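Thank you for making time this morning. I would like to walk you through one structure, and I will begin with a term that we need before we look at particular residues.

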Amino acid sequence: MKKKWWQDKVCYQIWPKSFQDSNGDGIGDIPGIIARLDYLKELGVDILWLSPVYKSPLADEGYDIADYRDIDPRFGTLEDMDRLLAETKRRGMYVIMDLVVNHCSDEHPWFQKALADPEGLYGRYFYFCKGQNGAPPTNWRGYFGGSVWSPVPGRQDLYYLHLFCEKQPDLNWENPAVRREVADLVNWWLGRGVAGFRVDAIVNIGKPAAFESFAPDRPDGLADCCGMLRDPVARRRLHGYLAALRDEAFAPHDAFTVGEVFNTDPAELDLFIGENGFFSSMFDFAPACWGGSPKGWYDAKKPGPDDYRDCAFASARAAAGIGFLSNIIENHDEPRGASRYLPEEAAGDPRAQKALAAVQLLLPGLPFLYQGQEIGMTNTVFPSIGAVDDVSTHGEYAAALAAGLSPAEALERVARWSRDNARTPVQWSAGPAAGFTTGAPWLPVNPNYTRVNVAAQQGVPDSVLEFYKELIKLRKNDKYKEALVWGGFGAVGQEQAGLAAFVRAGGGRRLLVAADLGGKGQRVALPAPAKGVLACSDGAPALEEKALTLAPWQAVVLELEQE
């Protein structure tokens, strides 16, 4: 595998609205990010992914873009963005932005012109279809619930397509003019100093040749819109669009790109992240997808530590020799990783959080942290559905009610998966609003902020934050980088419940990563004698000649003798 500039880096996602507010309006902003760059540099991260800061009505928190070449005033200005790029460059860091081009905002000038003349030039930038007998063109259900079709104002016979919310009309990638617009805006940002992009919801740009209804899969009479992704014409179109975007925009700039890619055939992995893949990397969503239900969040199963381990290990094997997956345990679209993958009683236990960190950070692939993960932030508390901001949670709550759950049951079921769990403000201190703002935060701070915050952990031995720093330093250590970044992978003791252990080998070194994720302790047979301890989450490891005994929730990294 050819080595690339980004492969030995550690990435960190910033949800700007909740990261740091600089002006007291309760909304995080770009100057707030700049003020925290030294903290991020000390943590050890290199690549910062900014969720959308473009001009937007924020119907879907910025994933509905009204102007791709301007910054929303709530987040700052283009000058602030240029200053962020300059300040990160000065620190040897990089910034990637969110590329959201399956859809735009209904307030984008393109769509406003399209509404004025659906049969005209800009009408071909979107999908307008006639209804059937007073009903929408198809029975597809959108990602946020409800029909993917909304009537054009003043034209009850004509509908426009939006796979997400009605304020996010889908762009028509079959139109060469749309593809040129996207390539131009990508090149504009790369020329401005952005290092690359996280590419949002991108598999949806490949649409089938004909829009046809599917068999209903819920009592609402609708069918999951993902059914269209299985259409062979849609797949061919997707591949062609992505190859052209790579060649016309990404490749000339040697940009780092990471795709949000769901519903792919494993046989397509090389197409997406191989030597000449569409993207540099793509997120591994296998653990996040485990336990999902076509009925909705209310019917989803909570994955356990073994489910996380088995999914992550399977992904590592599948990508071996092909390319780099990007490893996450949480992001802006998911609940907090500790709350999701650890037993409920252990989600807030720093020992368990550190054990989970060791596995994620040292697996093959590119580690992505999400803001607050490094201090062990967990899911929040929702007193009522009215306290929830997230549009998708409201859709899932409605689906749970339709399935017969009581309001209390519906809230309890969907709250554990709500995207707002990850969107509460970062907990910087035990002071007012957790040090996030001097005003009223746009979303309530997690009540546990007085215990879980950066100030309480900074420089404190054995804290979650300091262990993250230790792991990141280990991954970047020149002695072990060849093994931990580019080296091979082999599972150890995968048949043992609660144990996540594996060997990374390369550059003449073999490392064993072993973590107890079950809370009962583990005895691990060593594949080879240990040369030394490189990291230990708590206390000292109990080492014998041929075995390692882990205390409950303990994580250990050993260097092993060569075979």
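Two strands are said to pair if DSSP finds at least two bridges between them, and with that in hand we can look at Q13, which stands opposite W49 in β2. Please keep in mind throughout that this is a predicted model.

Let me stay with strand β1, residues 11–14, for a moment. It pairs with strand β2, residues 47–50, in the parallel sense over four bridges, and it is also joined by three bridges to strand β15, residues 366–370, which again runs parallel to it. On that second side, the bridge partner of Y12 in β15 is L369. As for the side chains of β1, C11 and Q13 point one way while Y12 and I14 point the other way, and all of them are buried.

What do these pairings build up to? Eight strands close into a barrel, in the order β1-β2-β5-β10-β12-β13-β14-β15, with parallel pairing. Neighbouring strands of this sheet are turned against each other by 25° on average, if direction is ignored. Further round, strand β12, residues 256–259, is joined to strand β13, residues 281–283, by two bridges, and these strands run parallel; here V258 stands opposite S281 in β13. Helix α5, residues 176–192, packs on the sheet, where it touches β5 (94–99) and β10, and its direction makes about 135° with that of β10.

Now to helix α6, residues 232–250. Its 19 residues should span 27 Å at 1.5 Å a residue, and its end C-alpha atoms are 26 Å apart, which agrees. At its start, a side-chain oxygen of D231 reaches to within 2.9 Å of the backbone nitrogen of V233. The buried residues of α6, among them A234, L238, L242 and F250, pack against β5, α5, β10, β12 and α7 (269–273).

Helix α11, residues 350–362, can be described in a similar way: it has 13 residues and reaches 18 Å from its first C-alpha to its last, close to the 18 Å expected. This helix is mostly covered, with 11 of its 13 residues buried, and those buried residues include K354, Q353 and Q360 as well as L356 and V359.

Is K207 buried or exposed? K207 lies in the loop between β10 (196–199) and β11 (223–224), and because its relative accessible area is 1%, under the 20% cut-off, it counts as buried. Its side chain makes a polar contact of 3.0 Å with the side chain of D170, and another polar contact, of 3.4 Å, joins it to the side chain of N102. Leaving out residues up to four places away in sequence, K207 also touches others, including Y127, L161, E174, M228 and R237. A234, which is one of the buried residues of α6, is likewise touched by K207.

Finally, the nonpolar interior. The largest nonpolar core has 157 residues, of which L40, M81, V186 and F197 touch the most other members. If we set aside its neighbours within four places in sequence, M81 is in contact with I30, L50, I71, V95, M97 and W189. There is also a second, separate core of 15 residues, which includes V492, L526, A528 and L558.

Methods
Residues are numbered from 1 along each chain as its sequence is written. This is a predicted model: local features need pLDDT of at least 70, side-chain atom pairs count only at pLDDT 80 or more; totals for chains, interfaces and linings use all residues. Side-chain values use heavy atoms; hydrogens and water are left out. A nonpolar core is a set of buried Ala, Val, Leu, Ile, Met, Phe, Trp, Tyr and Cys residues joined through side-chain atoms within 4.5 Å. Buried means under 20% relative accessible area, exposed over 50%, partly exposed in between (1.4 Å probe, protein chains only). Contact means heavy atoms within 4.5 Å. A polar contact is a pair of N or O atoms within 3.5 Å; within protein, one must be able to donate a hydrogen and the other to accept it, and residues adjacent in sequence count only if both atoms are side-chain atoms. Axes are lines fitted to C-alpha atoms, for helices over the stretch in contact, and angles run from 0 to 180 degrees between N-to-C directions. The expected span of a helix is 1.5 Å times one less than its number of residues.
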